[in-house]
Amino acid sequence: MAGKVHFVGSVKWLESQPFGRRERDVLVRDMLAVPGATPDTPLVAVSRRGVADGVPLAAHWGPEDLVRTW
């Protein structure tokens, strides 16, 4: 079991729409099933189409971010 989870994230890659409130709500609902996660664990997203305006996340990355990091 993990001692501490530093973030919980979601990857939305093959969709034509940005990561939105619906995806974030699912992430919030499911995050506590991750061993070591707490309600304060930051949420992040990786999305080919970006993130919709107003969706609260600690961070989000797109394709160029992944290529730059690699």
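**Entry 1: a helix pair**

I began with Arg 68, which counts as exposed at 61% relative accessibility (exposed is over 50% relative accessible area, buried under 20% and partly exposed in between, with a 1.4 Å probe and protein chains only). This is a predicted model, in which local features need pLDDT of at least 70 and side-chain atom pairs count only at pLDDT 80 or more, while totals for chains, interfaces and linings use all residues. Residues are numbered from 1 along each chain as its sequence is written, and side-chain values use heavy atoms, with hydrogens and water left out.

I then looked up the partner of Arg 68 and found Asp 65, with the closest N and O atoms of this salt bridge 2.4 Å apart (a side-chain nitrogen of Lys or Arg within 4 Å of a carboxyl oxygen of Asp or Glu). Asp 65 counts as buried, at 19% relative accessibility. I placed both residues in helix H2 (residues 63-69), where they lie 3 residues apart, about one turn of the helix (helices are DSSP runs of H or I with at least four residues, strands are runs of E with at least two, and both are numbered from the N terminus).

**Entry 2: the other charged pairs**

I noted a count of 4 salt bridges. Lys 12, Arg 22 and Glu 23 are joined into one network by salt bridges that share partners. Within this network, I looked at Glu 23 and Arg 22, whose side chains meet at 3.5 Å, N to O; Glu 23 is buried at 18% relative accessible area, whereas Arg 22 is exposed at 62%. Another salt bridge brings Arg 29 and Asp 30 together at 2.9 Å, N to O, with Arg 29 exposed at 60% and Asp 30 partly exposed at 37%.

**Entry 3: the sheet**

I followed the strands next and found that 3 of them form an open sheet in the order S1-S2-S3, with parallel pairing (two strands pair if DSSP finds at least two bridges between them). S1 and S3 are the edge strands, each pairing on one side only. Neighbouring strands of the sheet are turned by 15 degrees against each other on average, direction ignored (the axes are lines fitted to C-alpha atoms, for helices over the stretch in contact, and angles run from 0 to 180 degrees between N-to-C directions). Between S1 and strand S2 (residues 43-47) I noted 5 bridges in the parallel sense, and Ser 10 stands opposite Ala 45 in S2.

**Entry 4: the aromatic rings**

I recorded a count of 1 aromatic pair (ring centres of Phe, Tyr and Trp, the last by its six-membered ring, lie within 6.5 Å; planes under 30 degrees apart are stacked, over 60 edge-to-face and the rest tilted). The pair is Phe 7 with Trp 61, edge-to-face at 6.4 Å centre to centre and 70 degrees between the planes. Phe 7 sits in the segment before strand S1 (8-12) and Trp 61 in strand S3 (residues 59-61), 54 residues apart, and the pair therefore links distant parts of the chain. Both rings belong to residues I noted as partly exposed, Phe 7 at 47% and Trp 61 at 35%.

**Entry 5: a loop contact**

I finished with Pro 18, located in the loop between S1 and helix H1 (21-31) and partly exposed at 27%. The C-alpha atoms of Pro 18 and Arg 49 are separated by 4.6 Å, although these residues are 31 apart along the chain.
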